[in-house]
Amino acid sequence: MNANKIDPKRLGKVAVLMGGSSAEREISLMSGGGVLAALQSQGVDAHAFDPAERELVELKREGFARAFIALHGRHGEDGTVQGALELLHIPYTGSGVMASAIAIDKVMTKRLWQAVGLPTPKYVALPRKGLARERVVQVPDELGLPLIVKPPHEGSSIGVTKVKGYSQMQDAVALAAKYDEVVLCEEFIEGDELTCPVLGEGENARALPVIRIVAPEGAYDYQNKYFTDVTQYLVPSGLPADEEREIQRIVVEAYRTLGCRGWGRADLMVRAKDRKPFLLEMNTSPGMTSHSLVPMSAKAAGMSYERLCLHLIAEAALDH
């Protein structure tokens, strides 16, 4: 849909879902605040709604016609709030129940990508319960060093450790286990860190420009993602044109494989030694803060933050 042809009045009363109860609440409030201001500036009858403070059924009682999901993490982009909105018959932004539930789980996502031949780093999934010390110290032998340890259901680099030696494994696994029932240990890919947003659904899904991320000493962590200005985001990416096109092709295929719709953003690494891309994860409710990457990529494609928000809410839909 052309954002320039959208009549804001026809969208009805819009709820911007923000805050929530996940570990990413702080970021969600920042995202939601930006989206709310953008929609209101375009003439949309938009209102803030925090599911951590109000029951979702109030959306129906108060006559909301659509919902912009600016929630991150659990109970926001894991299919649960999407399922509730399905039952309330309130169209919402982003992926439906199944794609949201799969994409929030990095292990399940990797299994699906592997099944269709898409490249993703080697991994070991460890259950939190009954985790033997002997098993933990074997992981570097299987994946090599350095490696990444993370909780597979969290985002924003929460609970993530780059392990450089055997002695760090126990602490890294213990940290990730604070956030999740399963701990994901993943091969570390040395090279360029990239992200690439996608808009649309099915055959109409299209990749936006690739962003290359250059963080201080490669530490693209929670602090550098949201609260500092030292990380560089390069768009245009500076990659060779054929390499960028191939990354966009892989990202769109990864998006379609998971059944995503509306919008999403894939994170990747491109291995320095052979320029092979590796998919890390798919975000189905990407950040929309001042530091966020989808608005940055959209701007490079000629779409302002305000028009992006308007486009996304106009595309709000239900699975059924």
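**Pockets and a hairpin, term by term**

Modeller: The second largest pocket has 17 lining residues, and Leu199, Gly200, Gly262, His311 and Glu315 are nearest its centre. Mind that this is a predicted model, where local features need pLDDT of at least 70, side-chain atom pairs count only at pLDDT 80 or more, and totals for chains, interfaces and linings use all residues. Residues are numbered from 1 along each chain as its sequence is written, and side-chain values use heavy atoms, leaving out hydrogens and water.

Colleague: What makes a residue part of the lining, and what makes a pocket a pocket rather than a cavity?

Modeller: Lining residues have an atom within 4 Å of a grid point; on a 1 Å grid over the protein atoms alone, a pocket is an open set with protein on both sides within 12 Å along at least five of seven lines, while in a cavity a 1.4 Å probe fits but cannot get out. The second largest pocket holds about 270 Å³.

Colleague: How many cavities of 30 Å³ or more turn up in the whole structure?

Modeller: The search finds 1. Ile69, Gln82, Thr93, Gly94, Ser95, Ser100, Thr284 and Ser285 line the largest cavity.

Colleague: Why is strand S13 called largely enclosed?

Modeller: Buried means under 20% relative accessible area (1.4 Å probe, protein chains only). In S13, residues 277-283, 7 of the 7 residues are buried, so the rest of the structure largely encloses the strand.

Colleague: What makes S12 and S13 a pair?

Modeller: Pairing takes at least two DSSP bridges between strands. S12 (residues 263-271) and S13 have 6, in the antiparallel sense, so they pass by that definition. Leu268 has Leu279 of S13 as its bridge partner.

Key. Grid points are joined across faces, edges and corners, and a volume is the space filled by probe spheres set on the points. Buried means under 20% relative accessible area, exposed over 50%, partly exposed in between (1.4 Å probe, protein chains only). Helices (H or I, at least four residues) and strands (E, at least two) are DSSP runs, numbered from the N terminus.
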